Amino acid sequence: MDFLLKLVDLESAWLIALIFLPLERLLPARPAQGVLRRGWFNDAVYFLLNRIPIGIGLLLVAAFAVMAGEAFLPAGFRTTVAQQPLWLQVIVLTLIADLGFYAAHRLFHTLPWLWRFHAIHHSIEELDWLAAHRVHPVDQILTKGASIAPVFALGFSDGAIAIFFILYQWHSLMLHANLRIGFGPLHWVFASPCFHHWHHADQPEAWNRNFSAQFPIWDILFGTAHMRRDTMPTRYGIEDNVPPTYARQLLYPFRRGSKDAA
Ligand SMILES: [Zn+2]
């Protein structure tokens, strides 16, 4: 499980930048948006520091989930799961994890006290790969925790879980990147940058839509999908008065008078 603490290490930071900086020049959703856009420094601080509390939190969630699975599931169940073919484990566990993510993410949009944490992420007004990291640690630990807890409890193998984490990390970076990519007919199967950009749109038709992180199927099944293929949003962000710096953003959900609005 120690890979949870290395979700984003500094070596991969160079690789991420090397891939996404040119891609965002080649296929930009907003060509006028520069690399050093508003808030980039704050998001770089998130990139460097946030993985520490998030890694520790998720490690605890995973440890408790394993203990719960061992205590409550029938003997041999977890071993049988871990013995399934790797490709099958990756598909099934990713679907389960994304359903957990969908449910937690939707709750963060529904309950006012949770929204105050999630508002930090939705305060992004210029999306790119770096902005993907602007997530309050409590938000990330609970949402990602709801996503991975069943996976660890059910006993999927470490190899399958490691593949899931790598795919999730790169997918999440792509979803937030300043990219005009819609995936064509596959946009019904895999979440595209277009799909997730609409989740961040400050446009009423897309409010509280597209909660899934990887598979739009959950939004389609639960009636929250906003499936656009060719049109990108024109505005991002929220009305909430979120402060601009890392430390103040960490404290924002605990402040009296934070605006309760999703
Ligand atoms: Zn959201």
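The following paragraphs describe the overall fold, the zinc site and several individual residues of a predicted model.

The chain is built from helices: eleven of them are present, together with zero strands. Read from one end of the sequence to the other, the pattern is therefore a succession of α elements, α-α-α-α-α-α-α-α-α-α-α, and the radius of gyration is 18 Å, close to the 18 Å that the globule rule gives for 262 residues, so the chain is as compact as a globular protein of that length. Along the principal axes, the C-alpha atoms fill a box of roughly 55 × 45 × 40 Å.

Burial and surface were examined next. Of the 262 residues in the chain, 50% count as buried. The chain exposes about 12600 Å², and 70% of this area is supplied by carbon and sulfur atoms. Among the contacts with a separation of 6 or more, 75% are accounted for by residues 24 or more positions apart. The chain carries 20 positive and 19 negative charges, and the mean positions of these two sets are 5 Å apart.

A zinc ion is bound by histidine side chains. Its protein donors are the NE2 atoms of His105, His109, His118, His122 and His199, which lie 2.1 to 2.2 Å from the ion. Along the chain, these donors follow the spacing H-x3-H-x8-H-x3-H-x76-H. Helix H5 (residues 86–110) contains His109, while helix H9 (residues 193–199) contains His199, so this pair ties together parts that are 90 residues apart in sequence. Both His109 and His199 are buried, which means that each has under 20% relative accessible area.

Contacts between distant parts of the sequence are also illustrated by Leu27. This residue is found in the loop between H1 and helix H2 (40–49). Leu27 has a relative accessible area of 38% and is thus partly exposed. Although Leu27 and Leu179 are 152 residues apart in sequence, their C-alpha atoms are 5.5 Å apart in space. When neighbours within four places in sequence are left aside, Leu27 is in contact with Asn178, Leu179, Arg180 and Ile181.

Trp14 offers another case. Trp14 is placed in helix H1 (residues 10–26). With a relative accessible area of 67%, Trp14 is exposed, because the cut-off for an exposed residue is over 50%. The C-alpha atom of Trp14 is separated by 33 Å from that of Phe64, a residue 50 positions away along the chain.

Two loop residues were noted for their backbone angles. Phe183 is not a glycine, yet has a positive phi of about 70 degrees. The place of Phe183 is in the loop between helix H8 (158–176) and H9. The relative accessibility of Phe183 is 28%, and the residue counts as partly exposed. Asn208, which is likewise not a glycine, has a positive phi of about 55 degrees. Asn208 lies in the loop between H9 and helix H10 (217–221). Asn208 counts as partly exposed, at 28% relative accessibility.

Key:
Residues are numbered from 1 along each chain as its sequence is written. This is a predicted model: local features need pLDDT of at least 70, side-chain atom pairs count only at pLDDT 80 or more; totals for chains, interfaces and linings use all residues. Side-chain values use heavy atoms; hydrogens and water are left out. Helices (H or I, at least four residues) and strands (E, at least two) are DSSP runs, numbered from the N terminus. The radius of gyration is taken over C-alpha atoms; the globule rule is 2.2 Å times the number of residues to the power 0.38. Buried means under 20% relative accessible area, exposed over 50%, partly exposed in between (1.4 Å probe, protein chains only). Contact means heavy atoms within 4.5 Å. Accessible areas come from the Shrake-Rupley method with a 1.4 Å probe; for residues, only the protein chains shown count as cover. Lys and Arg count as positive and Asp and Glu as negative; His and the chain ends are not counted. The place of a charge is taken as NZ of Lys, CZ of Arg, CG of Asp or CD of Glu. Donors are N, O and S atoms within 2.8 Å of the metal (3.2 Å for Na, K and Ca); water is not among the atoms, so sites may look incomplete.
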